[in-house]
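Student: Got a minute to go through this model with me? I'd like to start with how the strands pair up.
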Amino acid sequence: MSSAALTILRQYAQKRNPRTLPPSIYFSHTDATLTIFDTFPKSLFHFLVLPRPAHYQPRGLSVSDLASLRALLRKPANREKS
């Protein structure tokens, strides 16, 4: 995925009110996640579930920790559990 595409996804995830996203992009959200329609779906129902950084930062995780599963798994196991 290109750097520009990742930047756009990060901007979506950091929106205070994700419902302001266009209906062609927005599917749903919680405090912890944003679910959007995939631009390049591989099946009829294909979504991207993005972590919302504002939910995880008080738990000691930064935006860079949420950049990938690999980065998230590198965090120490003694962080606060939610």
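Tutor: Sure. Two strands count as paired if DSSP finds at least two bridges between them. Here, S1 and S2 are joined by three bridges and run antiparallel. Keep in mind that this is a predicted model.

Student: What joins S1 to S2 along the chain?
Tutor: A hairpin, which gets from S1 to S2 through three residues.

Student: And which residues stand opposite each other in that pair?
Tutor: Among them, Tyr26 stands opposite Ile36 in S2, and Ser28 is across from Thr35 in S2.

Student: What's the strand order in the sheet, then?
Tutor: S1-S2-S3, an open sheet of three strands with antiparallel pairing. S1 and S3 (47–51) are at the edges with a single partner strand each, so each has one side without a neighbour in the sheet. From one strand to the next, the twist averages 20°.

Student: Switching topic: which residues make up the largest nonpolar core?
Tutor: There are nine: Leu9, Tyr12, Ala13, Leu21, Ile25, Tyr26, Leu34, Ile36 and Leu50. Two elements, helix H1 (3–13) and strand S2 (33–37), give two or more residues to this core. The largest share, three residues, comes from H1.

Student: Why would those side chains end up together?
Tutor: As a general tendency, nonpolar side chains in soluble globular proteins are buried together.

Student: OK, H1. Which of its residues are buried?
Tutor: Leu9, Tyr12 and Ala13. Looking down the axis of H1, these buried residues fall within an arc of 95°, so they line one face of the helix.

Student: What covers them?
Tutor: The cover over the buried residues of H1 includes S2, S3 and helix H2 (53–56).

Student: And which exposed residues are on the face turned away?
Tutor: Ser3 and Ala4 are the exposed residues carried by the face of H1 that is turned away from its buried side.

Student: Back to the core for a second. What does Ile25 touch?
Tutor: Leaving out residues up to four places away in sequence, Ile25 touches Tyr12, Thr35, Ile36 and Phe37. Tyr12 and Ile36 are also listed in the largest nonpolar core.

Student: Last one: what's the pLDDT like?
Tutor: The protein averages 82, and 89% of the residues score at least 70.

Student: Which elements have the lowest and highest mean?
Tutor: Helix H3 (residues 69–73) has the lowest mean pLDDT among the elements, at 71, and strand S1 (residues 26–29) has the highest, at 96.

How values were computed
Residues numbered from 1 in each chain as written. Predicted model: local features only at pLDDT ≥ 70, side-chain atom pairs only at ≥ 80, totals over all residues. Heavy atoms only, no water. Core = buried A, V, L, I, M, F, W, Y, C linked by side-chain atoms within 4.5 Å. Buried < 20%, exposed > 50% of the residue type's maximum accessible area, 1.4 Å probe, protein only. Helix = DSSP H or I, 4+ residues; strand = E, 2+ residues; numbered from the N terminus. Contact = heavy atoms within 4.5 Å. pLDDT = per-residue confidence, 0-100. Axes fitted to C-alpha atoms, helices over the stretch in contact; angles between N-to-C directions. Arc of directions from axis to C-beta.
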